[in-house]
Amino acid sequence: MKNKKILVVGATGRVGREMLSILSEVGLPAQNVVPVASERSIGKSLPYGRTALEVRSINSVNFSDYDYALFSAGSAVSAKYAPKVAESGCIVVDNTSFFRMKEDVPLIVPEINFDALERYNSRIISNPNCSTIQMVMALKPLHDTFGLKEVVVSTYQATSGAGQKGVDELMEQTELVLHGKSTTAHHFKRQIAFNVIPQIDEFANSAYTKEELKMMNETKKILNKSDIIITATCVRVPVIVGHAVSVFARFEKPVDIQLAHQVLSDFSGVKIIDNPGQYEYATPIDCASKNDVYVSRIRKHPDAENAMSFWCVADNVRKGAALNAIQIVQRLVAQQ
Ligand code: A2P
């Protein structure tokens with residue numbers, strides 16, 4: 001990894017900054033990283049470990065100079081530039097939804113389906129949706145053990161999932177409300193401060209939002225099982241970092257809760273915090289800046305056959321986006 005050259009597209013954004021922070025943590029030298037953002041940010045300085053990097057324009061870089069490009073600048077930028085970058089020989093890990101469901105593009109959570117890369121011949125690799133990543137991290141070991149059939153999931157998604165502008169809107173509105181002033185919603189469809197909003201992304205049809213369909217479709221692609229019945233309700237909550245998901249899942253086989261605990265805690269990247277008697281469970285604040293996905297409130301359904309529920313929390317900017325992308329790169333490098 002240390003001798004690889006990496007382009008970070010969307011580097012000034014919430015996810016882009018986290019990517020820079022993780023790349024410096026894993027020891028990639030500053031001269032091997034180039035941050036790119038919109039024309040507005042050219043020349044800005046971004047922290048990189050103990051040093052700083054200067055933001056460049058995407059049009060000023062020669063793509064073939066890079067081994068990997070991490071995209072997190074929105075679907076329009078990925079649609080326009082990722083194919084050109086891939087054509088130059090550089091491998092793209094794209095954090096937007098643009099390529100995720102394309103048949104010839106792999107959708108990868110390294111702990112779950114890194115092997116699926118063998119089935120593809122693509123220099124573009126998609127990083128899944130943030131809520132999907134944390135949910136499938138918990139579902140995978142349970143699926144392998146009991147055979148997943150149905151999922152009912154509700155999400156509690158932090159404002160950072162909408163980028164820096166989402167967090168800024170929460171902060172500004174919170175201050176206005178605390179000063180007794182009225183608020184105007186810009187990015188979100190309703191006031192997010194002191195509220196919850198049952199809409200993330202646009203409505204794809206009269207019933208489901210695009211975010212909900214992402215969770216439903218991406219889960220099937222990652223687990224390579226098209227007949228799982230999933231329904232999702234995605235909700236924005238006034239939290240800065242850390243998505244939570246509440247899952248009800250039904251399986252082929254009877255659920256043994258002790259075994260569920262064991263397979264979850266044996267799964268790399270998952271940790272259990274589940275001691276309700278002592279009020280021990282994961283909350284977004286506990287999970288901010290952590291790499292793992294936390295599972296709590298694991299319980300068998302008293303009536304429904306072969307069914308269980310759980311609560312799952314992760315840092316959406318880290319495992320839900322930046323970390324997952326960098327883990328893909330690390331695994332690719334290790335394989336060479
Ligand atoms: P900029 O800061 O210059 O606008 P977030 O999701 O947190 O809002 O971040 C979006 C990221 O995508 C930012 O780094 C933003 O840069 C970047 N971006 C937006 N438009 C472009 C573009 N046309 N080319 C490159 N980067 C872009």
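**A buried serine and a parallel sheet**

At 3% relative accessibility, Ser160 falls under the 20% cut-off, so this residue counts as buried. That value, like everything else here, comes from a predicted model. Along the chain, Ser160 sits in the loop that links strand 9 (148-156) to helix 5 (164-178). And what does Ser160 touch, leaving aside residues up to four places away in sequence? The list runs to Arg14, Val167, Ile240, Val241, Asn316 and Val317. With Ile240 there is also a polar pairing to point out: a polar atom of the Ser160 side chain lies 2.5 Å from the backbone oxygen of Ile240.

Now for the sheet. Strands of a sheet pair through backbone hydrogen bonds, and they can do so in a parallel or an antiparallel way. Here, six strands make up an open sheet with parallel pairing, in the order 5-2-1-6-7-8. Strand 5 (56-57) and strand 8 (124-126) are the edge strands, as each of them pairs on one side only. Further in, strand 6 (residues 68-71) runs parallel to strand 7 (residues 91-94), and four bridges join the two. Take Phe71, for instance: its bridge partner in strand 7 is Asp94.

Helices pack on this sheet too. Helix 2 (residues 75-87) touches strand 1 (6-9), strand 6, strand 7 and strand 8, and its direction makes about 175° with that of strand 6. Helix 9 (residues 318-335) lies across strand 1, strand 6, strand 7 and strand 8 as well, and runs at about 165° to strand 6.

How values were computed. Residues are numbered from 1 along each chain as its sequence is written. This is a predicted model: local features need pLDDT of at least 70, side-chain atom pairs count only at pLDDT 80 or more; totals for chains, interfaces and linings use all residues. Side-chain values use heavy atoms; hydrogens and water are left out. Two strands pair if DSSP finds at least two bridges between them. Contact means heavy atoms within 4.5 Å. Axes are lines fitted to C-alpha atoms, for helices over the stretch in contact, and angles run from 0 to 180 degrees between N-to-C directions. Buried means under 20% relative accessible area, exposed over 50%, partly exposed in between (1.4 Å probe, protein chains only). A polar contact is a pair of N or O atoms within 3.5 Å; within protein, one must be able to donate a hydrogen and the other to accept it, and residues adjacent in sequence count only if both atoms are side-chain atoms.
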